[in-house]
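Colleague: I am new to this structure and should be grateful for a close look at a single part of it. Please then place that part in the setting of the rest.

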Amino acid sequence: MLGRISIFCAATLFSSAVLAAPASVAAGKRWFARTCENCHSTHIGVNKVGPSLANVVGRKVASVPDFPYSDSMKANAGAGAGVWTVEALDAYLADPRGDVHGVKMYFKGLAKAKDRADMIAYLKTLK
Ligand code: HEC
């Protein structure tokens, strides 16, 4: 019985440690190379399949000049704050093809909150 309780406590401590872990720019950068770079550049004015992600944190949604955004992404620009806040990015990256969000991004999303936090920490460094 006591053994069971300590296993439970260890598991709880472990999961809260994972949740509390600070976001890692380096991990986000690795994720970006693996999952975003094919479609997104990090340089101003360089669009690929997707728009440039330079300065994306705090940027107005669907605001890269000359990028052919989907209608739903453009509609999204008028919704809420219309800005890529950390919260908006977190929701978008969890499910880029969800009802509310742009339909043109063929990417299934980052399921884990920690992976999204790492990614957003990296996106913040893109100036
Ligand atoms: C298969 C190509 C593809 C991949 C992979 C991809 N994206 Fe995209 N992304 C797009 C396209 C296309 C759009 C424009 C969506 C629209 O207009 O509906 C977009 C839009 C975005 C936007 C909105 C930008 C704006 O100007 O409003 C963000 C933020 C974004 N992507 C982040 C990411 C991140 C971070 C990753 C990696 C985790 C990623 N994307 C992976 C193609 C991709």
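Modeller: A residue is called buried when its relative accessible area is under 20%, exposed when that value is over 50%, and partly exposed in between. The model discussed here is a predicted one.

The part I have chosen is Ser 41, which sits in the loop between α2 (25–35) and α3 (71–78). With a relative accessible area of 6%, Ser 41 is buried, because that value falls under the 20% limit. Its side chain reaches the backbone nitrogen of His 43 at 2.9 Å. Once neighbours within four places in sequence are set aside, the contacts of Ser 41 are Val 46, Lys 48, Ser 52, Leu 53 and Ala 54.

Two cysteines may be considered next. Cys 36 is buried, at a relative accessible area of 13%, whereas Cys 39 is partly exposed, at 31%. A disulfide would require a pair of cysteine sulfur atoms within 2.5 Å, and by that rule the model has zero disulfides.

Charged pairs are found in the helices. The count of salt bridges comes to three. In one of them, the side chains of Lys 74 and Asp 71 meet with an N to O distance of 3.9 Å; this pair still qualifies because the limit is 4 Å. Both residues belong to helix α3, where they are three residues apart, about one turn of the helix. Asp 71 is exposed, with a relative accessible area of 63%, while Lys 74 is partly exposed, at 46%.

Another salt bridge joins the side chains of Asp 90 and Arg 116, at 2.8 Å from N to O. Asp 90 is in helix α4 and Arg 116 in helix α5 (residues 113–123), so this pair ties together parts that lie 26 residues apart in sequence. Arg 116 is buried, with a relative accessible area of 9%, and Asp 90 is partly exposed, with 27%.

Helix α4 (residues 86–94) also has its own buried residues, namely Leu 89, Tyr 92 and Leu 93. These residues cover an arc of only 90° around the axis, which puts them on the same side of α4.

Helix α5 holds a further salt bridge, between Lys 114 and Asp 118, whose closest N and O atoms are 2.8 Å apart. The two residues are four places apart in α5, and about one helical turn therefore separates them. Asp 118 is buried, with a relative accessible area of 3%, whereas Lys 114 is partly exposed, at 28%.

A final matter is how far the model may be trusted. The mean pLDDT of the protein chain is 82, and 75% of its residues reach 70 or more. Confidence is highest in α5, at a mean of 97, and lowest in helix α1 (residues 2–20), at a mean of 49. Across residues 5–17 the pLDDT is below 50, and in the model this stretch makes zero contacts beyond near neighbours in sequence. Where pLDDT is low, predicted coordinates should not be read in detail.

Conventions: Residues numbered from 1 in each chain as written. Predicted model: local features only at pLDDT ≥ 70, side-chain atom pairs only at ≥ 80, totals over all residues. Heavy atoms only, no water. Buried < 20%, exposed > 50% of the residue type's maximum accessible area, 1.4 Å probe, protein only. Arc of directions from axis to C-beta. Polar contact = N/O pair within 3.5 Å; in protein donor to acceptor, adjacent residues only side chain to side chain. Contact = heavy atoms within 4.5 Å. pLDDT = per-residue confidence, 0-100.
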